[in-house]
Amino acid sequence: MRTLKHLAFCLATVFLAIGCSQEDNEPQTTAKKGNPAEFTMTINGGTNTRTITTQDGNNRTIAWRQGDQVGIFAVNADGTPQNNCKYIYDGTEWKAENIGDAITLTNGENYSFYAYYPYTANITAAAASLNVLPDQSTQGEGNSSYDLSDVLISKVNESTYNGDPITLNYSHAYAMVEVLIAGDKVGDTAPQKVVLKNVITDANIDLTTQIITNTTNKQDVIM
């Protein structure tokens with residue numbers, strides 16, 4: 001019976017060993033030279049999806065949500081970057097937030113791509129501070145604070161652009177912690193919250209190597 005158990009979830013880093021950014025924050029309205037890149041987003045080699053964890057046993061709802069935002073870095077073989085370009089899922093495909101921010105590529109040239117979710121302003125590909133939230137129990141419009149703690153990263157090594165869509169295959173950067181509460185802690189006496197004590201929530205990720213370096217910051221995480 002559903003009343004015999006209650007699941008609590010959270011994500012934590014402790015288990016793990018010039019471009020689109022505008023100084024004046026004003027959107028660009030003029031398209032750049034080159035072909036606008038098209039992107040397909042996958043998770044662990046699967047379909048155009050990511051995991052949104054539910055409390056229904058081992059069943060998981062798998063889908064990108066409309067409005068999800070990722071950041072993409074594109075680097076030409078000569079080192080010219082297009083930095084932290086924001087792409088938004090409209091329910092069908094991924095589009096740059098502004099036409100002037102769209103990544104543009106030249107046929108026959110080589111590029112590397114580094115991407116992550118969720119989008120965060122003012123980061124670099126070599127030092128992305130992508131942290132889990134200390135209260136992962138809150139739900140607002142769109143994604144919950146738990147969903148926004150599910151940091152995803154992707155890397156495409158230097159390859160020749162031929163006009164085809166670029167596939168970005170993401171992997172989960174951090175671990176999911178699941179706690180099963182049973183017996184007299186379920187039902188009318190269920191706890192108001194479950195807290196994972198004294199865990200590291202902050203880390204820096206080098207998106208170019210996908211190396212994750214934990215900080216020493218520790219907090220309690222509301223699951």
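Where is the place of Gly71? In this predicted model, Gly71 belongs to strand β6, which covers residues 69-76. Because its relative accessibility is 0%, Gly71 counts as buried. Its surroundings can be listed by name: apart from neighbours within four places in sequence, Gly71 is in contact with Asn84, Cys85, Tyr114, Ala115, Tyr116 and Tyr119. One of these residues, Ala115, is 44 residues away along the chain, yet the C-alpha atoms of Gly71 and Ala115 are separated by 5.5 Å.

It helps to step back from this glycine to the sheet around it. Strand β6 is part of an open sheet of seven strands, arranged in the order β3-β13-β12-β10-β6-β7-β8 with mixed pairing. The edges are formed by β3 and β8 (residues 94-96), each of which pairs on one side only. From one strand to the next, the twist averages 30°.

The pairings can be followed from β10 towards the β3 edge. Strand β12 (residues 152-160) is joined to β10 by seven bridges in the antiparallel sense, and one of the partnerships between them sets Asn110 against Thr160 in β12. On its way to β13 (residues 166-172), the sheet continues with two bridges from β12, again in an antiparallel arrangement; here Leu152 has His172 of β13 as its bridge partner. The hairpin of β12 and β13 has five residues between the strands, and within this hairpin Gly163 adopts a positive phi near 100°. The pairing of β13 with β3 is parallel and runs over five bridges, with Met41 standing opposite Leu168 in β13.

Aromatic side chains add a further layer to this picture. A pair of aromatic rings is described by the distance of the centres and the angle of the planes. The model holds four aromatic pairs. One of them is formed by Phe39 and Phe113, with 5.9 Å from centre to centre and 80° between the planes, an edge-to-face geometry. This pair links distant parts of the chain, as Phe39 lies in strand β3 (residues 39-43) and Phe113 in strand β10 (residues 110-117), 74 residues apart. Both Phe39 and Phe113 are buried. Ring pairs also gather these two residues into a cluster with Tyr87 and Tyr111.

Strands β3 and β10 thus appear in two settings: both have a place in the strand order of the open sheet, and the pair of Phe39 and Phe113 links them through their rings.

Definitions and conventions: Residues numbered from 1 in each chain as written. Predicted model: local features only at pLDDT ≥ 70, side-chain atom pairs only at ≥ 80, totals over all residues. Heavy atoms only, no water. Phe/Tyr/Trp six-rings, centres within 6.5 Å; stacked < 30°, edge-to-face > 60°. Helix = DSSP H or I, 4+ residues; strand = E, 2+ residues; numbered from the N terminus. Buried < 20%, exposed > 50% of the residue type's maximum accessible area, 1.4 Å probe, protein only. Contact = heavy atoms within 4.5 Å. Pairing = 2+ DSSP bridges. Axes fitted to C-alpha atoms, helices over the stretch in contact; angles between N-to-C directions.
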